[in-house]
Amino acid sequence: EGIDHRSTSSFQQSNNSSDKQRSNTIDIMKVTAILCSVLVAGASAFAPGATSFTGTHISTVSQSPIAAPRTSSRTSELNMMRHRKRVAKLGKPADQRKALLRALTTEIIRHGRIKTTLVRAKAVRKHVDHMIQLGKRGDLHARRQALGWIYDKDLVHSLFEAAPERYSDREGGYTRVLRTMPRQGDNAKMAVIELV
């Protein structure tokens with residue numbers, strides 16, 4: 001009953017202020033630890049022989065130099081973008097894509113014009129122009145190269161007979177791609193590719 005309430009409240013205030021100081025100190029220590037880890041990770045990204053582009057984790061790079069050297073082979077697991085790789089994949093693996101382009105080239109040279117999708121027409125245009133260029137050249141090596149690409153042997157012989165006089169005044173651009181109406185079932189862009 002002889003307790004002084006003023007002294008109790010001042011004791012509680014001093015406890016509260018010391019708790020606040022302790023929590024502020026802990027917060028400052030946490031921030032300092034985070035900043036140090038960021039600096040170490042940033043510095044280890046520029047360590048010689050270990051960049052952030054090698055696919056290794058940064059925590060393995062920042063090991064002490066006394067540690068045992070790594071003997072496993074380091075392989076990069078980065079998936080880079082296909083910048084400037086302008087091959088039309090046509091949704092097929094390489095062997096099927098080559099067979100498709102050979103078949104389309106053969107049919108364009110045989111019939112003079114075919115209807116196909118716009119992407120396929122643009123992809124096959126290069127190969128048809130190359131075969132006509134080989135036909136204009138006319139030597140044995142060019143004939144064997146054309147026989148290696150076009151499926152029909154007789155078609156190659158007729159191409160080598162007709163191409164020099166038909167395209168004598170033209171130095172390239174032997175095909176024309178014309179857009180047509182989209183395909184009925186899947187609305188794919190269609191085109192007609194024809195010999196000029």
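Let me begin at the loop between strand 2, residues 175–179, and strand 3, because that loop is where Asn 187 is found, and the cut-off to keep in mind is that a residue counts as exposed when its relative accessible area is over 50%. Asn 187 has a relative accessibility of 57%, so it counts as exposed, and its phi is near 60°, a positive value in a residue other than glycine. I should say straight away that what we are looking at is a predicted model, and that I will keep to what can be computed from it.

There is another residue to set beside Asn 187, and that is Arg 84, which sits in the loop between helix 2, residues 58–61, and helix 3. Arg 84 is not a glycine either, yet it has a positive phi of about 60°. Is Arg 84 buried or exposed? With 82% relative accessibility, Arg 84 counts as exposed.

Having named several elements, let me step back to the whole chain, which holds 6 helices and 3 strands. Reading from the N terminus on, the order of these elements is α-α-α-β-α-α-α-β-β. The chain has 196 residues, of which 25% count as buried. If we take the contacts between residues at least 6 apart in sequence, 51% of them join residues at least 24 apart.

Now to the interior. In soluble globular proteins, nonpolar side chains tend to be buried together. Here the largest nonpolar core has 29 residues, and the ones that touch the most other members are Met 131 and Ile 150. Which elements supply at least two residues each to this core? They are helix 3 (94–111), helix 4 (118–137), helix 5 (140–149), helix 6 (153–166) and strand 3 (190–195), and it is helix 4 that gives the largest share, with 8 residues. If we take Met 131 and leave aside its neighbours within four places in sequence, we find it in contact with Thr 105, Ile 109, Ala 146, Trp 149, Ile 150 and Leu 159.

Helix 3 deserves a closer look, and I will use Leu 104, which is found in that helix. At 12% relative accessibility, and with the limit for buried set at under 20%, Leu 104 counts as buried. Not counting residues up to four places away in sequence, Leu 104 touches Ile 114, Arg 120 and Val 124. The C-alpha atoms of Leu 104 and Ala 121 are 8.6 Å apart in space, while the two residues are 17 residues apart in sequence.

Arg 97 is also in helix 3, and for this arginine the relative accessibility is 13%, so it counts as buried. Outside its neighbours within four places in sequence, Arg 97 is in contact with Val 87, Ala 88, Lys 89, Leu 90 and Lys 92. Along the chain, Arg 97 and Arg 120 are 23 residues apart, and their C-alpha atoms are separated by 10.0 Å.

Arg 97 brings us to the largest pocket, since it is one of the lining residues, together with Arg 86, Val 87, Ala 88, Leu 101, Lys 122, Ala 123, Lys 126 and His 127. How much space lies in this pocket? About 270 Å³. Helix 3 and helix 4 each supply at least two residues of the lining, and helix 4 has the largest share, 4 residues. Sorted by class, the lining has 4 nonpolar, 1 polar and 4 charged residues.

Among the lining residues I would pick out His 127, whose place is in helix 4. His 127 counts as buried, because its relative accessibility is 17% and the limit is under 20%. Leaving aside neighbours within four places in sequence, His 127 is in contact with Leu 101, Thr 105 and Trp 149. Thr 105 and Trp 149 were also named among the contacts of Met 131.

Let me finish with the rings. The structure holds 1 aromatic pair, formed by Tyr 167 and Tyr 174, whose ring centres are 5.1 Å apart with 70° between the planes, an edge-to-face arrangement. Are these two tyrosines buried or exposed? Tyr 167 counts as buried at 3% relative accessibility, and Tyr 174 is buried as well, with a relative accessible area of 1%.

Note on methods
Residues numbered from 1 in each chain as written. Predicted model: local features only at pLDDT ≥ 70, side-chain atom pairs only at ≥ 80, totals over all residues. Heavy atoms only, no water. Core = buried A, V, L, I, M, F, W, Y, C linked by side-chain atoms within 4.5 Å. Buried < 20%, exposed > 50% of the residue type's maximum accessible area, 1.4 Å probe, protein only. Contact = heavy atoms within 4.5 Å. 1 Å grid on protein atoms, 1.4 Å probe; cavity = no way out; pocket = protein on both sides within 12 Å on 5 of 7 lines; lining within 4 Å. Points joined across faces, edges and corners; volume = space filled by probe spheres on them. Nonpolar A, V, L, I, M, F, W, Y, C, P; charged D, E, K, R; others polar. Phe/Tyr/Trp six-rings, centres within 6.5 Å; stacked < 30°, edge-to-face > 60°.
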